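Visitor: I would like to know what stands behind the words used for helix packing and ligand contacts.

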Amino acid sequence: MTQNWKDEAGRDLMSLGGRLANLERGKGSHVWDTEGTRFLDFLGGIAVNCLGHAHPVVVDAVSQQAARLVHVSNYFATPQQLELAARLKRLARTGDEGRVFLANAGTEANETAIKLARLHGNATGKSTILCLNGAFHGRTTGALALTPKPAYQDPFSPLMPGVRAIDPTIDALEEAFQAGDVAAIFAEPIQGEAGVVPLPDGFLQRARELATAHDALLILDEVQTGSGRTGEWFAHQQLGIAPDAVTVAKSVAAGFPLGALITFGAASDLFYPGTHNSTFGGNPLASAVANAVLEHIENENLLENVSARGAELREKVADLPLVASTRGAGLLIGIVLDAPVAAEVASAALSRGLIINAPAADVIRLAPAYTIGDSEIAEFLDIFTASLTAVAAQHQENAR
Ligand SMILES: *Cc1c(COP(=O)(O)O)cnc(C)c1O
């Protein structure tokens with residue numbers, strides 16, 4: 001049995017890695033594979049399944065909207081799409097001038113944001129988009145140019161020109177703006193794929209000041225940090241700044257594919273008819289699911305649970321074996337280990353029925369559902385402690 005699905009995956013799927021188990025159903029924070037093995041899911045489909053699996057709100061929204069209207073194309077509006085655009089504007093606090101473009105994933109939302117940056121740069125005579133070392137904005141050719149990681153970029157050169165990567169430091173930021181050619185800067189408030197790495201204190205505030213002073217756009221990629229993941233609707237709202245644009249995806253529809261670009265102020269007037277669109281983007285099915293999910297998060301005050309459970313988890317893992325420190329916000333947590341054994345810990349956890357991942361050699365990432373409670377946390381701590389203990393023991397053994 002086990003070998004069968006691995007053989008099929010090896011033969012039929014593009015050879016891109018992954019496929020750790022063959023999962024067939026889920027309920028709440030648990031998933032089961034085809035052999036009936038149960039896993040506690042503390043990765044949440046990479047910060048996506050914010051209501052866990054098979055949540056009745058998602059099930060009802062999908063089934064009711066699927067029975068009513070699934071797709072109409074961008075020639076038409078739908079009530080679901082209009083409701084979602086207004087809701088995203090309200091949650092992002094754009095005010096009346098804000099606008100929303102609905103897409104199908106985070107990368108596509110970022111591609112749209114890159115085109116927004118080019119529209120602005122071409123109107124103001126500026127040719128450079130700044131991105132940050134450590135960033136992840138996606139793997140399509142445009143987003144890839146803003147994702148300065150040699151393993152991702154090098155096989156696909158030449159990349160889109162007009163992009164400059166800088167270190168995420170205030171000094172590098174100030175120097176970069178001196179060139180006078182910056183059309184926009186892209187940043188994630190917390191670099192999730194780099195290992196849940198927050199930007200330095202004051203970085204985004206300074207980026208806001210410099211962008212304003214140099215007539216450049218501040219574009220925040222909140223694909224991973226947005227939609228409530230950090231305990232705020234958007235991570236930047238904690239910093240008292242407003243960007244010119246922000247992208248979301250991942251948790252925004254709890255697992256149904258949807259992404260969005262949300263613009264603020266004058267950036268809302270850059271696109272005009274003919275400059276961009278998407279066949280599937282903003283379809284009534286995806287929009288209905290996002291509306292139901294965001295409404296449920298609001299009605300149930302789930303952001304309070306995100307903050308409280310995030311703090312609880314960080315406190316409870318702090319003294320476990322191998323743990324050096326923790327970082328992140330809300331339920332986007334990086335657990336920094338004191339040795340580069342995160343991949344071993346993740347695989348020890350998987351073999352004990354816990355899904356987590358290792359975005360960096362010494363970092364474990366947790367991104368569980370916003371709905372987790374005492375029992376999920378107790379089960380996580382049991383398995384995670386056993387996994388850390390096993391890996392620590394193995395390393396002591398090897399050192400002897
Ligand atoms: C996941 C992610 C993306 C890519 O989103 P997709 O939905 O996979 O296209 C872009 N930016 C950030 C910060 C992400 O975490």
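Guide: What follows takes two helix pairs and then the ligand.
This is a predicted model, where local features need pLDDT of at least 70, side-chain atom pairs count only at pLDDT 80 or more, and totals for chains, interfaces and linings use all residues. Residues are numbered from 1 along each chain as its sequence is written, and side-chain values use heavy atoms, without hydrogens and water.

Visitor: Why are α8 and α9 called roughly parallel?
Guide: Helix α8 (residues 170-178) and helix α9 (residues 203-213) pack at about 10°, with axes 10 Å apart. Angles under 35 degrees count as roughly parallel, and α8 and α9 are therefore roughly parallel to each other.

Visitor: Which residues of α8 and α9 meet?
Guide: From α8 come I170, L173, E174 and F177, and from α9 F203, R206, A207, L210 and A211; contact means heavy atoms within 4.5 Å.

Visitor: What makes α12 and α13 oblique?
Guide: Helix α12 (residues 342-351) and helix α13 (residues 374-399) pack at an angle of about 130°, their axes 9 Å apart. Oblique covers angles that are not under 35 degrees, over 145 or 65 to 115, and α12 and α13 are therefore oblique to each other.

Visitor: Which residues surround the ligand?
Guide: Among them are F136, D221 and Q224; the cut-off is a heavy atom within 4 Å.

Visitor: How do you know that D221 makes a polar contact with the ligand?
Guide: A polar contact is a pair of N or O atoms within 3.5 Å. A polar side-chain atom of D221 lies 2.7 Å from a ligand nitrogen atom, and a polar side-chain atom of Q224 lies 2.7 Å from a ligand oxygen atom. For F136, a backbone N or O atom lies 3.2 Å from a nitrogen atom of the ligand.

Terms used: Axes fitted to C-alpha atoms, helices over the stretch in contact; angles between N-to-C directions. Helix = DSSP H or I, 4+ residues; strand = E, 2+ residues; numbered from the N terminus. Polar contact = N/O pair within 3.5 Å; in protein donor to acceptor, adjacent residues only side chain to side chain.
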